[in-house]
Amino acid sequence: MESYKVRLILTEQDIRKLSLDAKPKNVEELKIKIKEKCDLQYDFNVMYEDSDFDNAFCNLEDIGDLPASRATVKVIPLLVTASTTSMSDDSCVSNDTVILPTDSSSTRHNPWPEIFEIPNFSVDVEFRLRQSNLQYLRDQTYLSVTRDMKHSILEKLAETIYKFDAYPNNERINSVALALINKHPCLKEQGSPDGCSSWKHSLKFKMGNYRTKLRKAGCVEVGVNRAKTGGPGMAAKGLKRPKRSEVNYLPEHPEGQNGDSLEAVRQLLVEEMRKVNPSGTFIASKMDLTFSMRRHEIVDAETPVKTLMERWPALFTERQVFAEFNRIVTTDLQSNFYGAVDRYTPRFVTIFKSKKGTVGEKLDELMQQMNTGKEADVTAMRTLVLRGLPILLGDDASNFYNTCNACDVDGWPQVSVGVLTVIDEEEPLIPNKLYLDPVSTAVIVEGGIVLDNLQNLPQAICILFGLSYALNLKYPKGMINTFNFIQKVMLGLGQNKLPPKLQSLKNLLLS
């Protein structure tokens, strides 16, 4: 078959000649080919020279408009611009009005800040606060806050809080209230232990009212709980909300997209994954675009994992597990996970050696497998720490860490979530053995293997941790303490207040 020639105009100074195996079947395929051959990292539209108009450029909507053997096309980058719409006076907003975020992106980009920055309020409120703060510094006089002023303050705080978290917990509400009275000491409350008890209470109810307004406006993130909420600010049992520091838990569809358009993109992703060598650039771009659709299926519809593997095969690859975690939490799981394990390994080894009794015996059994007469490599030390951590925390890892010979890989219905170490067919199965040189390692979810051919156990656990976010999975029942410790202490995701068992190990680790 004769090749298809394309004269590609990227810019006036960058014009290239491309040779394709055949004329693309549709415009989307042409875009993919251009991205691959020119290594373009952005989305774009395509224009072509139309012979009906003296070769003037027109938008390419139908691949049939291109000549049969060669064509001249032009790339038009798509630039995303933020909305500049603003309101000059907050006082014109009624009590029933909710200001939706003006960013054209459907996802949040930043996690909850370590120090919450109080926003600027309306001009009149800022003026009264400035005068009252000066009065407070002179003679400790507290400001008597009017109803309108309090409403204006709470409304602005709720809007700012929502940019980070739609369902802030008590710890985050407390941090906002404390930040408020630190910036504006005139707002402190007399007789309150911390000076802001009433502000905390008001913020909780204001966030409940704010979510109600967003729900009425059609916001998906809070609309999913329409039938599950009680009074304002009250969390009902089974409420679908971020519980593990997710930043983008249930985002809106991207601007200009709907369920039908995203379904078409999903089908393109499935077709791409069937290829011998799928395009990583194409997959990453379309997985980003369909993120909101995927989260709706996982969080709202609670689609079974087996079905998700059929509909989203790209999600069950190592690269996209880490990418999905980044979309949800906005942090790099792979580097943070390995960095934390390596950073704490020396201290973990010291703690292992110090333990006595049954726990000490189990840890010593693991430690003895490391005494090979030479310094253990990084992977071996990571394996030791991850196998020893459940023992320290009193977890039952018997149904989580699984081992089998290479001939017996299939069939793990009794395992809801776990990892599988595959060893040589001739090697005996020995309880509590580390198996530092396995044939391969796999991840099990809902009784089936979802990722296999992994190199080692630390890699499998890192990916499984990412999948627990990507698939909205509960932590394995026998390993809850271990996964919470990895999340809250080693990765720093979650509340500072820890259960006693986790707090005690944290104290030992940092001592």
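The surface of this protein exposes about 26,900 Å², and carbon and sulfur atoms supply 49% of that area. Please keep in mind throughout that the model is predicted. Of the 511 residues, 45% count as buried. Along the principal axes, the C-alpha atoms fill a box of roughly 90 × 80 × 45 Å. Within that box the chain forms 17 helices and nine strands. If we take the contacts with a separation of 6 or more, 62% of them are between residues 24 or more positions apart.

Let me turn to charge. The protein carries 63 positive and 65 negative side chains, and the centres of these two sets lie 7 Å apart. Where do we find a negative surface patch? Asp52, Glu61, Asp62 and Asp65 form one. Asp52 sits in the loop between β3, residues 44–50, and β4, residues 56–59. Its relative accessibility is 64%, and because anything over 50% is called exposed, Asp52 counts as exposed.

Next, the salt bridges. The count for the model comes to 19, and I shall present three pairs and one network.

The first pair is Asp165 and Arg172, whose side chains meet with an N to O distance of 2.7 Å. Are these two residues buried or exposed? Both Asp165 and Arg172 are buried.

The second pair is Asp300 and Lys240, which form a salt bridge at 3.9 Å, N to O. This pair links distant parts of the chain, 60 residues apart: Asp300 belongs to helix α9, residues 291–300, while Lys240 lies in the loop between α6, residues 220–223, and α7, residues 259–273. The two partners also fall into separate classes of accessibility. Asp300 has a relative accessible area of 30% and is therefore partly exposed. Lys240 has a relative accessible area of 11%, so it is buried.

The third pair is Glu427 and Lys433, with 3.5 Å from N to O. Glu427 is partly exposed, since its relative accessible area is 26%. Lys433 is also partly exposed, at 29% relative accessibility.

Finally in this part, Glu263, Arg266, Glu297 and Arg311 are linked in a network of salt bridges.

Glu297 brings us to helix α9, for it is one of the buried residues there. How many of the ten residues of α9 are buried? Eight are, and the helix is mostly covered. Besides Glu297, the buried residues are Phe291, Ser292, Met293, Arg294, Arg295, Ile298 and Val299. What covers them? The cover includes α7, α8 (280–289), α10 (305–311), α11 (318–329) and α15 (457–470). After α9 comes Glu302, which has a positive phi, near 50°.

That positive angle deserves a brief remark. Most residues other than glycine have a negative phi. Two further residues may be set beside Glu302. Gln140 has a positive phi of about 60°, although it is not a glycine. Gln140 is found in the loop between α2, residues 123–139, and α3, residues 147–162. With 46% relative accessibility, Gln140 counts as partly exposed. Ser245 has a phi near 65°, again a positive value in a residue other than glycine. Ser245 lies in the loop between α6 and α7, and at a relative accessible area of 17% it is buried. Lys240, from the second salt bridge, lies in that loop as well.

I shall close with two individual residues. The first is Val445, in strand β8, which spans residues 440–445. Why does Val445 count as buried? Its relative accessibility is 3%, and buried means under 20%. Leaving aside residues up to four places away in sequence, Val445 touches Val305, Ser416, Val450, Leu464 and Leu473. Ser416 is 29 residues from Val445 in sequence, yet their C-alpha atoms are 5.5 Å apart in space.

The second is Asn182, which lies in helix α4, residues 170–183. Its relative accessible area is 61%, so Asn182 is exposed. Asn182 and Gly195 are 13 residues apart along the chain, and 9.8 Å separates their C-alpha atoms.

Conventions: Residues numbered from 1 in each chain as written. Predicted model: local features only at pLDDT ≥ 70, side-chain atom pairs only at ≥ 80, totals over all residues. Heavy atoms only, no water. Patch = residues over 30% accessible without salt bridge, like charges linked within 9 Å, V, L, I, M, F, W, Y side chains within 5 Å. Areas by Shrake-Rupley, 256 points an atom, 1.4 Å probe, with all protein chains shown as cover. Salt bridge = Lys/Arg side-chain N within 4 Å of Asp/Glu carboxyl O. Lys, Arg positive; Asp, Glu negative; His and termini not counted. Charge placed at Lys NZ, Arg CZ, Asp CG, Glu CD. Helix = DSSP H or I, 4+ residues; strand = E, 2+ residues; numbered from the N terminus. Buried < 20%, exposed > 50% of the residue type's maximum accessible area, 1.4 Å probe, protein only. Contact = heavy atoms within 4.5 Å.
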